[in-house]
Amino acid sequence: MLVPSMCRLQRKTDVALYYEVPQKLEENIAADAFTDSLLFTHWGHNLSPENRRVALKKFQYYGYNSYLSDRLPLDRSIPDLRPDGCSNLTYPVNLPQISVVFIFVNEAPSVVLRSMHSVISKTPPHLLKEIVLVDDHSNNDELKEKLQAYIDEMNTRQPGFVKMIRHTKQEGLIRSRVSGWRAATAPIVALFDAHVEFNVQW
């Protein structure tokens, strides 16, 4: 999912987002689910039966194709879909800094990492002050471990660049946004769901 052009951002930007807690993984999947599932309508025909089962489990849990996401590079190339009105704009160099807030609960690790990686790679370094992650009480250990490893690596190179806010209970969307807002320190704050990819001059 691509985000709006930066020309639409305002101070303390408030970008609407929505998430749901994923359902529990189904241990037993009926054989006909492999043919009936929308996941395999245009994809996955060359997967082995076991890999199809794993892909379907992930699809049922996350609601999107996290099996494929796990196999895509974090820095993959995506098309520039900006309308001419935005792609022809130029921006001053001395724009105010921005804090980018990602809110999530039990998201696929590769999706969150790709969101972070893309905002870093598509934002001029002098403009991106920090990334704030708000985990609304995820219980996915793989997510916690992979995110923490990435955060530790980033903060080793640039101390304090990534902040992690972990709720001790699920607070919901609005309180999660408030948590991220309060932790942010830049004059402009943009709040996003954690399964986005940023494009040029976003």
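Asn-106 sits in the loop between β1 and α5, and this predicted model gives us a good place to start looking around. The phi angle of Asn-106 is near 55 degrees, a positive value in a residue other than glycine. Is Asn-106 buried or exposed? Its relative accessible area is 5%, and because buried means under 20%, Asn-106 counts as buried.

You can meet another positive phi angle towards the end of the chain. Gln-201 has a phi near 50 degrees, and this residue is not a glycine either. Gln-201 lies in the segment after β4, the strand of residues 188-193. With a relative accessible area of 35%, Gln-201 is partly exposed.

Now let us step back and take in the whole protein. It has 7 helices and 4 strands. Following the sequence from start to end, you will pass through them in the pattern α-α-α-α-β-α-β-α-β-α-β. The protein has 202 residues, of which 42% count as buried. Try tracing some contacts too: among those between residues at least 6 apart in sequence, 82% join residues at least 24 apart.

Let us return to the loop of Asn-106 and walk on into the helix that follows that loop, α5. Helix α5 has 13 residues, and the distance from its first C-alpha to its last is 18 Å, close to the 18 Å expected at 1.5 Å a residue. How many of the residues of α5 are buried? The count is 10 of 13, which leaves the helix mostly covered. Among the buried ones are Pro-109, Val-112, Leu-113 and Met-116, along with Ser-110 and Arg-114. And what do the buried residues of α5 pack against? Their partners are the helices α2 (49-62), α3 (66-69) and α6, together with the strands β1 (98-104), β2 (128-135) and β3 (162-166).

One of these partners deserves a longer visit. Helix α5, residues 109-121, packs with helix α6, residues 141-157, at an angle of about 25 degrees, and their axes are 9 Å apart. That angle makes α5 roughly parallel to α6, because angles under 35 degrees count as roughly parallel. The crossing of the two helices is right-handed. From α5, the contact is made by Pro-109, Val-112, Leu-113, Met-116, His-117 and Ile-120. From α6 come Glu-142, Leu-143, Lys-146, Leu-147, Tyr-150 and Met-154. Look at the spacing of those numbers as you read them. An α-helix has 3.6 residues a turn, so residues three or four places apart point the same way. Sorted by class, the contact holds 9 nonpolar, 1 polar and 2 charged residues.

While you are at α6, find Gln-148, which lies in this helix. Its relative accessibility is 31%, so Gln-148 counts as partly exposed. The C-alpha atoms of Gln-148 and Met-164 are separated by 8.7 Å, and these two residues are 16 apart along the chain.

Our last stop is Leu-74, in the loop between α3 and α4 (84-87). At 29% relative accessibility, Leu-74 counts as partly exposed. Which residues does Leu-74 touch, leaving aside those up to four places away in sequence? They are Ser-110, Leu-113, Arg-114 and His-117. The C-alpha atom of Leu-74 is also 9.8 Å from that of Val-112, a residue 38 places away along the chain.

Technical notes: Residues numbered from 1 in each chain as written. Predicted model: local features only at pLDDT ≥ 70, side-chain atom pairs only at ≥ 80, totals over all residues. Heavy atoms only, no water. Axes fitted to C-alpha atoms, helices over the stretch in contact; angles between N-to-C directions. Parallel < 35°, antiparallel > 145°, perpendicular 65-115°, else oblique. Left-handed = near helix turned anticlockwise from the far one by under 90°. Contact = heavy atoms within 4.5 Å. Nonpolar A, V, L, I, M, F, W, Y, C, P; charged D, E, K, R; others polar. Expected span 1.5 Å × (residues − 1). Buried < 20%, exposed > 50% of the residue type's maximum accessible area, 1.4 Å probe, protein only.
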